[in-house]
Structure formats: C-alpha cells, structure tokens
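Q: Please take a close look at one helix of this model. Describe how its residues are placed and what surrounds them.

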Amino acid sequence: MLARAAADLDVDVTVLTHDVASSAAQVCPAVVAPTLDAATLIDFGRALDVVTFEHELVDRKTLLAAEAAGVSLQPSAECLGRLVDKIAQRELLRTCGVPAPPHVVARDQSELRRVAATTGFPCVVKSSRGGYDGRGVVVIRDPDELDRFAKGPGVGWLVEPLLDIERELAVQIVRGRGGSCQVYPVVETHQVDGICHQVVVPGDVDADVAATAVGYAHALANATGYVGVLAVELFVVGGELVVNELAPRVHNTAHHSIDACTTSQFENHVRAVLGLPLGPVDLIVDAAVMTNVIATTDGTQALAELVPEPGVRLHLYGKAARPGRKVGHVVACGTDVGVLRHTSRRVADALVTSRRRSDPPGNNEHGAPAPPREGENHG
Ligand SMILES: Nc1ncnc2c1ncn2[C@@H]1O[C@H](COP(=O)(O)OP(=O)(O)O)[C@@H](O)[C@H]1O
Ligand SMILES: [Mg+2]
C-alpha cells in the first residue's frame, strides 16, 4: 500500500526484504537480503534519497551504522530505535507527561517473577521488543503459568494488571520533515484476543477526549522529532484516557484512510519522509468501518466469487494464508456505523469462507496463530 501510494506520486520505490514473496515485492522492485544486516542496509540505502520503514523488526545498531555511512533514514535511527521498544515508549510517555496504564518493568527472569508477584494475578506480561497482534502479550493467571513463561528467553517486559478496558481508541499523526503535522480523526478499535478486528471512524468519543488524544499525539511526535506516520493506541480505563503503545509506521488503525480520507496515511507517509507538503486528512464520508480479513487456514487461494457492492472496498495483500494472519482488509463507507460494521464483517467473513472452501483438505481450522516471521508486515 505504501509502494502503491509512492507510485501514484511518481516516486520510485525499491523494497529491501528478506522475503521475495512479500507484499511489497509483488508491486515494486525488491532487493532480497537480510534486512537486519548493516552492510546490506548501507549498500541498499546509499543509492536512494530516503529509506523508510513499514515494520518494527529493526536493529538500532544497524540503523545507526547506516546513518553514519550517510544513508538518510526517515524517521531517524535514534527516533526509530527508541520507539520500537515498549519499555522505552513508556519512558517517553512519562517524560512527555502522557498517562500510561499502570506497569512495572522487569529486565530479567528473576525480576519478572518478583514484579508479577507484586502486581498480582492475573497480570499481563508484554515483551518489550518484537511483539505485535498480541503475540508478545500474554495474560498470566497464576505463578505456575509464570514459571512456564519465564523459562523462555526474554528481552525485558512490561508487567501490568489485567485492566477492565472500557474502550480502545487510536489516533495517527503524520509529521513532516519541517515539523508540520496532520492528525487523522480519532478511531475506535475493536480487538479479539489481542488482535485488531475492526476500526470504526469517527470513533464514538466526546470532543474533549478526542482533543486530549490529539494533544498526546502532537506531544509525542514533536518530542521525538518523528517523521512520517506515528500511530498512538489508547485505552479508556475508569473514565481516564491512557496511551498503551506507539507504532512508528503506517498502521492497521488507519487503513480506512485510503477509502475514507482526503489523503491516505500511505500517501502522507511518503510525503512526510520526502519533505513534501502533507495532504489534508479529513473524512470524505460520514463514517467508515475497516474489518481485517484474518485467515483461518493455510493456503494461497485467489479471491473467489465475491460480487462487488457499492460503498465496500476490498484490499488483499497477496500474502499466503496462515491461521491468524491478516491477509487483507475490507472498508465499508456510508452513514450508519451499525450497518457498516455488519456489512464489512459480512464481506470479510465471505472472503475467509471462500478461501477456506478452495483450501486443500487436512488443514487445522482452529490452529494457533503462526509465530511472527522476520520482516512480516504487521498491518
Ligand atoms: N493491561 C491490559 N489489560 C487488559 N487488556 C490488555 C492490556 N494490555 C493490552 N491489552 C489488550 O491486548 C491488546 C494488545 O496489546 P498491546 O499492548 O497493544 O500489544 P500489541 O498490539 O503490540 O500486540 C490490546 O489492544 C488490548 O486489547
Ligand atoms: Mg497494540
């Protein structure tokens, strides 16, 4: 989606990916190489005006080495290196005076046991690095479960109480190289098992809550000198707005912007990293609902016999299906949010069903989500 937005602006894109079958490599030229390797990134980036990112599996030292070798990274190595770590994110929130959920940091296994015991069970344990779509987030219900969990390797964790979340919101800010910003209308997000299933815009939030969320987005983007699209995920807990996490990239919670906003998040990200003027971000429809197409089986089926309907747009990513993997999304635009939620869900379900029908037999339809892979697009 980012490469296509760039092409629409006559911007040439080459993608660096470890996977020749990746979505981006299907629509633009690709260099297939290990993306975490400094020499590779330097070779790749030297020939380009700008290098930007669409996922968080980056290595801070590699980024710094590339920048030192003259590669223009947008956002910068320092900024991105900090924002891909959930512990560093919480430090940033604190220094910006932005409220976060209650949490304690654990740096090693023994600290994790101590901190979880103090927090009490059930508690939520989040890997500081490498998690997304709930994969780095586990609910630990008792000390035995913690013992099993704490045996694996770890890179540091946030430990939080299991919160009674009233509502989840998100807001995306795009910040240009000169510091100008645009903020997309606040959305309401609906997750199942830690994975975002639907995004509703405009979110059903009071104007003062929305204004507070927008204020937090400005504060965080400005404090880090961010360039590009930065997504801010928020919870409403006990009537209070807190920032749960940040995503330094184009984000699933703004995928509706292609169909529902004056300028998509993808176009604005390209504009931002190249130093071009940003586009306006207002809604061009009364309301929109985005529903993710989440695969339930393995397979690589093409789009089946789905009939297009007015106001509904399909976006499929050319990804091999694996249970729990986001392989596309559907956006329904109109006026009545209830109807749009139903319609986009129906179409997304039909896509999964049609994929399932043409699937080879013998697959486990109820399998656990596949583990993350390096360089996978996190949506
Ligand atoms: N402390 C918590 N209490 C209850 N639910 C939580 C808590 N933290 C996260 N969640 C749920 O898990 C989802 C994923 O957690 P998040 O921190 O956003 O990790 P990621 O998106 O990186 O997987 C959240 O959107 C929310 O629905
Ligand atoms: Mg999240």
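A: What follows deals with helix α8 and its surroundings. This is a predicted model, in which local features need pLDDT of at least 70, side-chain atom pairs count only at pLDDT 80 or more, and totals for chains, interfaces and linings use all residues. Residues are numbered from 1 along each chain as its sequence is written, chains are lettered from A and ligands numbered from 1 in the order in which they are written, and side-chain values use heavy atoms, with hydrogens and water left out.

Helix α8 covers residues 207-224; helices here are DSSP runs (H or I, at least four residues), as are strands (E, at least two), numbered from the N terminus. Its 18 residues reach 26 Å from the first C-alpha to the last, close to the 26 Å expected at 1.5 Å a residue, where the expected span is 1.5 Å times one less than the number of residues.

The buried residues of α8 are Ala210, Ala213, Tyr216, Ala217, Leu220, Ala221 and Thr224. Buried means under 20% relative accessible area, exposed over 50%, and partly exposed in between (1.4 Å probe, protein chains only). Seen down the axis of α8, these buried residues fall within an arc of 120°, so they line one face of the helix; the arc is that of the directions from the helix axis to the C-beta atoms. On the face turned away from that buried side sit the exposed residues Ala207 and Asp208.

The cover over the buried residues of α8 includes α4 (77-83), α5, β7 (167-175), β11 (228-237) and β12, with contact meaning heavy atoms within 4.5 Å. Just after α8, glycine 225 takes a positive phi of about 60°.
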